[in-house]
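Good morning, and thank you for coming. I would like to take you through one protein chain, beginning with its sheet and ending with its core.

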Amino acid sequence: MSEQDLQPVFSIEKIYVKDLSLEIPHAPQIFLEREQPEIDMQLATEGKQLEDGVFEAVITVTVTAKLGEKVMFLVEAAQAGIFQIRGVPEEEISGVLAVACPNILFPYVRETVSDVVNRAGFPPVLLSPINFEALYAQQMAEQSGNAH
């Protein structure tokens, strides 16, 4: 192996919207409502190997706006990226897929959600920043707790 093969490589090959859906179950009457909705956000990340040194990471955000029990709108966006990850120890790749890749993808999914909600006729929803490192540490702690 040459010196170059041992150098860690992390690069973005492609960023794309993998899935996008919008539901406004009570349109058009819902647009007559003047109350502020309650916003709930769910987040999921996943990563998988596509081929040697090439991985896909996906961050899925689901935003639900409700007035009481009535759903104003529901947006689900899956933002994906294909990343080249080489020269990184096997045990560290899951951390790269769970922290570094979502940190890159989150601004894109945040813009997609805001844009879709705005185009649907509602004020844009601005998602708060996410600490993916803390989420990953929490997942690892839960997994090690379940292993014992």
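Before we begin, one term: when I speak of contact, I mean heavy atoms within 4.5 Å. Please also keep in mind that this is a predicted model.

Let us start with the sheet. It is an open sheet of four strands, in the order β1-β4-β3-β2, and the pairing is antiparallel. At the edges stand β1, residues 9–23, and β2; each has a single partner strand, so one side of each is left without a neighbour in the sheet. On average, neighbouring strands here are turned by 15 degrees against each other, direction ignored. As general background, the strands of a sheet pair through backbone hydrogen bonds, either parallel or antiparallel.

Now consider the individual pairs. Strand β1 runs antiparallel to β4, residues 70–86, and 13 bridges join the two. Within this pair, Y16 stands opposite A80 in β4. Strand β2, residues 38–51, is joined to β3, residues 54–67, by 13 bridges, and these two strands also run antiparallel. Here E38 stands opposite K66 in β3. How many residues lie between β2 and β3 in their hairpin? There are two, and G53 in the turn has a positive phi of about 80 degrees.

We turn next to helix α2. It lies across β1, β2, β3 and β4, and runs at about 140 degrees to β4. This helix comprises 30 residues, 90–119. At 1.5 Å a residue, α2 should therefore span 44 Å; its end C-alpha atoms are 42 Å apart, which agrees. Where is the kink in α2 centred? The kink is centred on P102 and amounts to about 45 degrees. Just after the helix, G121 takes a positive phi of about 100 degrees.

Finally, the core. In soluble globular proteins, nonpolar side chains tend to be buried together. In this model, the largest nonpolar core has 32 residues, and those with the most contacts inside it are F73 and V113. At least two residues of this core come from each of β3, β4, α2 and α3, the last being residues 132–147. Which element supplies the largest share? That is α2, with twelve residues.

Let us look at F73 more closely. Leaving aside residues up to four places away in sequence, F73 touches ten others if you read the list in full; among them are L22, I39, V63, V117 and F122. The list also includes E23, I24, T64, A65 and V125. Thank you for your attention.

Definitions and conventions: Residues are numbered from 1 along each chain as its sequence is written. This is a predicted model: local features need pLDDT of at least 70, side-chain atom pairs count only at pLDDT 80 or more; totals for chains, interfaces and linings use all residues. Side-chain values use heavy atoms; hydrogens and water are left out. Two strands pair if DSSP finds at least two bridges between them. The expected span of a helix is 1.5 Å times one less than its number of residues. The bend at a residue is the angle between axes fitted to the seven residues ending there and the seven starting there. Axes are lines fitted to C-alpha atoms, for helices over the stretch in contact, and angles run from 0 to 180 degrees between N-to-C directions. A nonpolar core is a set of buried Ala, Val, Leu, Ile, Met, Phe, Trp, Tyr and Cys residues joined through side-chain atoms within 4.5 Å. Buried means under 20% relative accessible area, exposed over 50%, partly exposed in between (1.4 Å probe, protein chains only).
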